[in-house]
Amino acid sequence: MALKIIITGASSGIGQALAKEYAKQGAVIGLLARRKEELLALQKILPCKSLIFPVDVTDLAQCRWAAEEFMALHGAPDIVIANAGISSGTLTENFSDLETFKKIIATNLIGVTHTFYPFIQVFKNRGSGQFVGISSVAGIRGLPGAGAYSSSKAALTNYLESLRVELAAHNIDVTTIAPGYIKSPMTDTNDFTMPFLMSADRAAQSMIKAIQKKKKFLIVPWQMSIVGKIMHVLPTFVWDWLAKKAPRKKKIPV
Ligand SMILES: NC(=O)c1ccc[n+]([C@@H]2O[C@H](COP(=O)([O-])OP(=O)(O)OC[C@H]3O[C@@H](n4cnc5c(N)ncnc54)[C@H](OP(=O)(O)O)[C@@H]3O)[C@@H](O)[C@H]2O)c1
């Protein structure tokens, strides 16, 4: 039986690479993102059955609609990947950045709950299913100049952990993936050297292996998992000293 998969943020970068990899396995894929043209272009080149849903994950009604349409045609999916996300540099002292804070939290955290919500009861009834959330190494410690993004991903990582424990008794798996630097339109705007930068295709392959193994937590690339473990245990004063020298994400319209 073909795997059935929902992927948000499928119109570019990591989401698109995941869709292409799963397509090679003959999966049936529900592709979600706001830009319909990009989704249509992807659908044309995928060698598998796919459905496109031009939806905004900040809107619960749109996410429910996409879920119901997919399930009406193909039944409950096996895997739901909440990958949609946005990023921008932010500073709390800038009035206009407060709106950006709201958008980033609404997309990167609340959008994931909207993506998963329509499937939870369905997975519970069936007694199986897997949720995957794409968080970030940027959520391990607070990054200066990226308060909104860093806190959205820290919150997302903890949310996914809560969900994993809540759903374990129902035989529903939750996999958290925290990428380091992956080449995509999101990182193409960075004007600093990105250590261990990995292609989206390679990243998608590693992610899919971890999803297949139902891993609870993965950092890609592997070099970043060492960095991530060190970041996690660094004393506050060492982190503060290192982080003040860290390159800062530019302000990007979101
Ligand atoms: N690239 C990295 O180095 C890196 C590192 C750590 C974590 N991540 C995370 O990986 C995920 C994918 O990022 P990426 O690098 O592939 O960036 P990307 O190329 O900019 O892709 C982001 C995707 O999210 C979609 N999206 C954004 N807002 C949305 C919304 N409100 N509703 C529906 N879809 C929305 C975009 O599609 P539309 O614009 O068409 O809606 C796009 O398909 C993000 O969650 C990001 O935070 C990336």
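Here is a friendly conversation about a predicted model, moving from its ligand shell to its core and its loops.

Biologist: Which residues come nearest to the ligand?

Modeller: Happy to start there, keeping in mind that this is a predicted model. The ligand has 31 residues around it. The ones that come nearest are Gly9, Gly13, Arg34, Gly85 and Ser184.

Biologist: And which helices each supply at least two residues of that shell?

Modeller: The shell itself divides into 12 nonpolar, 15 polar and 4 charged residues. As for the helices that each supply at least two of its residues, they are H1 (13–24), H4 (95–126) and H6 (185–188).

Biologist: Let's go inside. Which residues touch the most other members of the largest nonpolar core?

Modeller: In soluble globular proteins, nonpolar side chains tend to be buried together. Here the largest nonpolar core has 66 residues. Those that touch the most other members are Ile7, Leu18 and Leu31.

Biologist: Which residues is Ile7 in contact with, leaving aside its neighbours within four places in sequence?

Modeller: Ile7 belongs to strand S1, residues 4–8, and is buried there. Leaving aside the neighbours within four places in sequence, the contacts of Ile7 are Gly15, Leu18, Ala19, Ile29, Leu31, Leu32, Ile81 and Asn83.

Biologist: How many of the residues of S1 are buried?

Modeller: In a regular strand the side chains alternate between the two faces of the sheet. One side of S1 carries Lys4, Ile6 and Thr8, the other carries Ile5 and Ile7, and both faces are covered. The number of buried residues in S1 is 5 of 5.

Biologist: What is the bridge partner of Ile6 in S2?

Modeller: Strand S2 covers residues 28–33, and 5 bridges join it to S1 in a parallel arrangement. Together with H1, these two strands make a right-handed β-α-β unit. In S2, the partner of Ile6 is Gly30.

Biologist: And which residue does Ile6 stand opposite in S4?

Modeller: Strand S4, residues 79–82, also runs parallel to S1, and 3 bridges join the two. Opposite Ile6 in S4 stands Val80.

Biologist: I'm curious about Leu39 in helix H2. Is Leu39 buried or exposed?

Modeller: Helix H2 spans residues 36–45 and includes Leu39. Not counting residues up to four places away in sequence, Leu39 touches Ala10, Ser11, Leu31, Ala33, Ile52 and Pro54. Because 24 other C-beta atoms lie within 10 Å, Leu39 counts as buried.

Biologist: How far apart in space are Leu39 and Ile52, C-alpha to C-alpha?

Modeller: These two residues are in contact. In sequence, 13 residues separate them. Their C-alpha to C-alpha distance is 6.3 Å.

Biologist: Now the backbone. What is the phi of Asn171?

Modeller: Asn171 sits in the loop between helix H5 (147–168) and strand S6 (172–179). With 12 C-beta neighbours inside 10 Å, Asn171 is exposed. Its phi is positive, although the residue is not glycine, with a value near 65 degrees.

Biologist: Is Lys214 buried or exposed?

Modeller: Lys214 also has a positive phi, about 55 degrees, without being a glycine. Its place is the loop between helix H7 (200–212) and S7. Because 11 other C-beta atoms lie within 10 Å, Lys214 is exposed.

Biologist: One last thing: where is Pro221 found?

Modeller: The peptide bond leading from Val220 into Pro221 is cis, with omega near -10 degrees. Pro221 is found in the loop between strand S7 (217–220) and helix H8 (222–233).

Terms used
Residues numbered from 1 in each chain as written. Predicted model: local features only at pLDDT ≥ 70, side-chain atom pairs only at ≥ 80, totals over all residues. Near = placed C-beta within 6 Å. Helix = DSSP H or I, 4+ residues; strand = E, 2+ residues; numbered from the N terminus. Nonpolar A, V, L, I, M, F, W, Y, C, P; charged D, E, K, R; others polar. Core = buried A, V, L, I, M, F, W, Y, C linked by C-beta atoms within 7 Å. Buried ≥ 20, exposed ≤ 12 C-beta atoms within 10 Å, placed from the backbone. Contact = placed C-beta atoms within 7 Å. Pairing = 2+ DSSP bridges. Right-handed = clockwise from strand over helix to strand, strands pointing away.
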